[in-house]
Amino acid sequence: MAKKYYELTPDERLAFLNLTDQAKTELQANQSDSNAQIVENYISDFRVPMGLLKDIVIDGRHVNVPMAIEEPSVIAAANNGAKMLNSGGGIAVKMPERTVMIGQILFHNVDFDTLNQFVNIHQETLFKIAKHAKPSIYKRGGGLVAINVRPVANDDISVDFKIDTKDAMGANIVNTILEAEVTLFTEFDTHFLGAILTNYAMGQLVTVSGNATFETVGGREIAEKIVALSRFSKKDAYRATTENKGLFNGIGAVVLATGNDWRAVEASGHAYASQEGHYRSLTHWTISDEQLHGELTMPISVGTVGGVISAMNQAKNALDMMHVKSADELRGIILAVGLAQNLAALKAIAAGGIQRGHMRMQHRALAVQVGALPQEVPILVAKLNTLSQVDTEKATEILMEMRK
Ligand code: MEV
């Protein structure tokens, strides 16, 4: 019997596609045995550039942070933002004493008091079920911490389980516990909708803050413009979306480099950005004590062990570079990078626009795109930097000229 597609080897899967020999060779060169085990129908790894944010001071510690991202200017900007915040003494991190992930059991058409009373009466059993379902997390000092019955709308009710997943991101831990807990709610069977973790990580709400001297941001006038830009994006969803996108340039790049789930982190951030009923920017800049002061608060769910992170050496290497000891520490680092990224963007905008810095970085990608060899790239980029209008045609023409 013919094998199903998912049963084939990566090379056999590639053979199904109508590829040039060069494409096939490149895809094969990027295959890895370990990643082949992670997803279905694996054909190759997709490589993204990884660069370093060299030195950001977080709670007094100098950290080098790996960032994986395709956008050329992001890592340069993060370094720039970090320098400005380091000048003000570095970034401080605040978080709850115990961070928890939340799981939901969802009910509809149910009376709040009846369900609430049921949960109260069965507290002890619910805690026992959790321990029995996932003893390994209890051995590591985690487990179910609290249960809360929360009215959503009319007779829609969520029973929220707060679970300490220690250094794991914890999606599997939470879902395993929830599915075991559901068995106790048989008398509510007709009202039961489903059980799943929430990515709105309100039990992992973290604040980072830092200062930058007027001098490093380009003077008091620029600092005041940054504050005005920050105020603007509290009220305008158009500007807030772009500002948050820039923030997630930095956050997402560290989340990806460490093998974490950037979709979960972004979804949580955007939900928090809308918590007042309209979408706003997540950072907040003011002038305080004759310095520019920035703050960022958002829920962030990441891990340093477990699941895919422990299966991917590249994620472990990235965590090693930062000498990270816990998921809580990683949360602080990621948001610190976000704050630095945001400051660099606001400073560039306030000081006359991002395009100059941006285009210099884009020119490198353009040089590679038109076929420049590594030794030709810096020469071609230097020539492109002197021009006001640059496109593929122009870059190709200069490259050809260089080769004469
Ligand atoms: C570009 O990727 C990100 C920025 O647009 C962010 C911002 O406007 O704040 C520069």
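Four strands make up an open sheet in this predicted model, and their order is β5-β6-β4-β7 with antiparallel pairing. At the edges sit β5 (143–153) and β7 (192–197), each of which pairs on one side only. Direction ignored, neighbouring strands of this sheet are turned by 20° against each other on average. Two helices, a hairpin and a pocket are also worth a visit, and the points below take them in turn.

**Inside the sheet and on top of it**

- Strands β4 (residues 101–107) and β6 (residues 156–164) run antiparallel and are joined by seven bridges.
- To find this pairing in the structure, look for Ile 102, which stands opposite Lys 162 in β6.
- Helix α5 (residues 112–121) packs on the sheet, where it touches β4, β5 and β6. The direction of α5 makes about 175° with that of β5.
- Helix α6 (residues 123–133) lies across β5 and β6, and it runs at about 120° to β5.
- In a regular strand, side chains alternate between the two faces of the sheet.

**A hairpin to look for**

- Strand β1 (residues 50–58) is joined to strand β2 (residues 61–68) by seven bridges, and the two run antiparallel.
- Together β1 and β2 form a hairpin, with two residues between them.
- Asp 59, in the turn, has a positive phi of about 50°.
- Val 57 stands opposite His 62 in β2.

**The largest pocket**

- The largest pocket has a volume of about 1,500 Å³.
- It is lined by 49 residues, and the closest to its centre are Leu 256, Gly 259, Asn 260, Trp 262 and Met 312.
- Which helix gives the most to this lining? That is α11, with seven residues.
- Helices that each supply at least two residues of the lining include α3 (33–36), α8 (171–182), α11 (237–257) and α12 (262–273). Also among them are α13 (307–311) and α14 (313–322).
- By residue type, the lining of the largest pocket divides into 22 nonpolar, 17 polar and 10 charged residues.

**The chain as a whole**

- The domain assignment gives domain 1 (5–37), domain 2 (50–96 + 203–352), domain 3 (101–202) and domain 4 (357–402).
- Domain 2 is listed in two stretches, 50–96 and 203–352, while domain 3 covers 101–202.
- The C-alpha centres of domain 3 and domain 4 lie 56 Å apart.

Technical notes
Residues numbered from 1 in each chain as written. Predicted model: local features only at pLDDT ≥ 70, side-chain atom pairs only at ≥ 80, totals over all residues. Heavy atoms only, no water. Domains from an automatic or database assignment. Pairing = 2+ DSSP bridges. Axes fitted to C-alpha atoms, helices over the stretch in contact; angles between N-to-C directions. Contact = heavy atoms within 4.5 Å. 1 Å grid on protein atoms, 1.4 Å probe; cavity = no way out; pocket = protein on both sides within 12 Å on 5 of 7 lines; lining within 4 Å. Points joined across faces, edges and corners; volume = space filled by probe spheres on them. Nonpolar A, V, L, I, M, F, W, Y, C, P; charged D, E, K, R; others polar.
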